[in-house]
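Dear colleague,

I am handing over the structure that we spoke about, and I would be glad if you read the notes below with it open beside you. They go from single residues to helices and then to a few local details.

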Amino acid sequence: MFLDVYRFSFEWEILDWFNKIDNPVFYYFFNIISQFGGSIGVLLIMTVVYWCINKEKGVKVAYISIFTIIFNGILKGFVSAKRPFQYENKEYLEQSKNYNFLSDGASGTSFPSGHSQNSVALYSALIKFFKEKKWVVISCTILAILIPVSRLYLGVHFPMDVLVGSLLGLITAVVGGWVIDKFYHKKYVVFIITTILFIPFLFIPSMTKDVFKGMGILLGCLAGLFLEEKYVNFEIAKSKKVNVIRYLFGIALTGIIYLGAHVINHLDVVLNNDLLLKLSNLLTHAIIALVAILVVPYLYKKLPFLKDK
């Protein structure tokens, strides 16, 4: 049952304008841009920072991203708002129905926009921790603007969804960035407190699988960080060539686990049982996080072709 949320007339006008300028070039462009705010895009970027650029900053960026993913899921659980194309006679607004291409990621409810909130949080965090690199600041700023716009073009969110989502993402990046930056020396305490704060929401029936996904990633990261620091303690390779090889290997292995989790979470027996679906998403995403944080770095130190020269 959707909660009735007021929609301003100008929001419909903006969505209709985007719909009128639809063409294949715009669609493919905005769909690809939108992927950089989805789970795969976030995974690709977080891992490249953690594995190949700066381990500490990778953990900080991951914390901010995980926090905002869970936060967004909780808000959506309380405000189960319809997407634009779910309103009567507005089905035409969903652009993906006209094309056979990548998914638009519109699987949950509408308010606030998850892609907008998650992307603004992620790219604001990258700007914060890599502000000395102009190309990072410019590219992240462009993506933080274009991804929310892409959600409007694709017809899967209202303007207020992306506006509020973007604002919450920025707030998360600022506040969460300050917390993890100031208390990084006690990062396990920060992760544990965050986990304790979010656990009660798992018992609220209206919470969706996205909250469980985020909690799985959070728990997997907490366990992975502790075990990696205690038993592995890998270092970023000095060789760019080795870093490229490491990244390709790491993302291939993590990608296989990710695809396996996707298959499991889309089995009929899982989809037809709400509790099983939630627990399955929690467990599989915890495993994905463990692989990225612990297993991949372990293999960096054990496999000869992944060792730094």
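A residue is called buried when its relative accessible area is under 20%, exposed when that area is over 50%, and partly exposed in between. Please keep in mind throughout that this is a predicted model.

Let me begin with one residue for which that definition matters. Thr254 lies in helix 10, which covers residues 240–265, and because its relative accessible area is 0%, under the 20% limit, Thr254 counts as buried. Which residues does Thr254 touch, if those up to four places away in sequence are not counted? They are Leu43, Trp51, Ile288, Val291, Ala292 and Val296. Helix 12 spans residues 274–302, and the axes of helix 10 and helix 12 come within 10 Å and cross at roughly 165 degrees. Since an angle over 145 degrees counts as roughly antiparallel, helix 10 is roughly antiparallel to helix 12. In its handedness, the crossing of helix 10 and helix 12 is right-handed.

Trp51, one of the residues that Thr254 touches, leads us to the interior. The largest nonpolar core has 58 residues, and those with the most contacts inside it are Trp51, Ile70, Leu122, Tyr123, Leu126 and Phe191. Helix 9, residues 209–232, gives the most to this core, with 9 residues. Apart from it lies another core of 15 residues, among them Leu15, Phe85, Leu152 and Val162. As general background, nonpolar side chains in soluble globular proteins tend to be buried together. To take one member of the largest core, Leu122 is in contact with Val42, Ile45, Met46, Val61 and Ser65, leaving aside its neighbours within four places in sequence.

Helix 9 also packs against helix 4, and here the angle is about 155 degrees, with the axes 8 Å apart. That makes helix 4 roughly antiparallel to helix 9, because the angle is over 145 degrees. The contact involves several residues on each side, including Ile66, Ile69, Ile70 and Ile74 of helix 4 and Met215, Ile217, Leu218 and Leu225 of helix 9. The crossing of these two helices, helix 4 and helix 9, is left-handed.

Helix 7 deserves a slower look. This helix, residues 159–182, has 24 residues and reaches 34 Å from its first C-alpha to its last, close to the 34 Å expected at 1.5 Å a residue. Its buried residues are Pro159, Asp161, Val162, Gly165, Ser166, Leu168, Gly169, Thr172, Ala173, Gly176, Gly177 and Ile180. What covers them includes helix 1, helix 4, helix 5, helix 6 and helix 8.

How do helix 5 and helix 7 pack, at what angle and with what distance between their axes? The angle is about 40 degrees and the axes are 7 Å apart, which makes helix 5 oblique to helix 7, and helix 5 passes helix 7 in a right-handed crossing. Among the residues that make this contact are Val120, Ala121, Ser124 and Ala125 of helix 5, together with Gly165, Gly169, Ala173 and Gly177 of helix 7.

The loops hold some details that are worth checking by eye. Phe130 sits in the loop between helix 5 and helix 6, and because its relative accessible area is 6%, Phe130 is buried. Not counting residues up to four places away in sequence, Phe130 touches Val49, Ile53, Asn54, Lys57, Val136 and Val137. The C-alpha atoms of Phe130 and Lys57 are separated by 8.8 Å, although these residues are 73 residues apart along the chain.

Is Glu88, in the loop between helix 4 and helix 5, buried or exposed? Glu88 is exposed, because its relative accessible area is 67%. Pro112 lies in the loop between helix 4 and helix 5 as well, and the peptide bond from Phe111 to Pro112 is cis, with omega near -10 degrees. Asn233, found in the loop between helix 9 and helix 10, has a phi near 55 degrees, a positive value in a residue other than glycine. For comparison, most residues other than glycine have a negative phi, and most peptide bonds are trans. At 45% relative accessibility, Asn233 counts as partly exposed.

With best wishes

Note on methods
Residues are numbered from 1 along each chain as its sequence is written. This is a predicted model: local features need pLDDT of at least 70, side-chain atom pairs count only at pLDDT 80 or more; totals for chains, interfaces and linings use all residues. Side-chain values use heavy atoms; hydrogens and water are left out. Helices (H or I, at least four residues) and strands (E, at least two) are DSSP runs, numbered from the N terminus. Buried means under 20% relative accessible area, exposed over 50%, partly exposed in between (1.4 Å probe, protein chains only). Contact means heavy atoms within 4.5 Å. The expected span of a helix is 1.5 Å times one less than its number of residues. A nonpolar core is a set of buried Ala, Val, Leu, Ile, Met, Phe, Trp, Tyr and Cys residues joined through side-chain atoms within 4.5 Å. Axes are lines fitted to C-alpha atoms, for helices over the stretch in contact, and angles run from 0 to 180 degrees between N-to-C directions. Angles under 35 degrees count as roughly parallel, over 145 as roughly antiparallel, 65 to 115 as roughly perpendicular and the rest as oblique. A crossing is left-handed if the near helix is turned anticlockwise from the far one by less than a right angle, and right-handed if clockwise.
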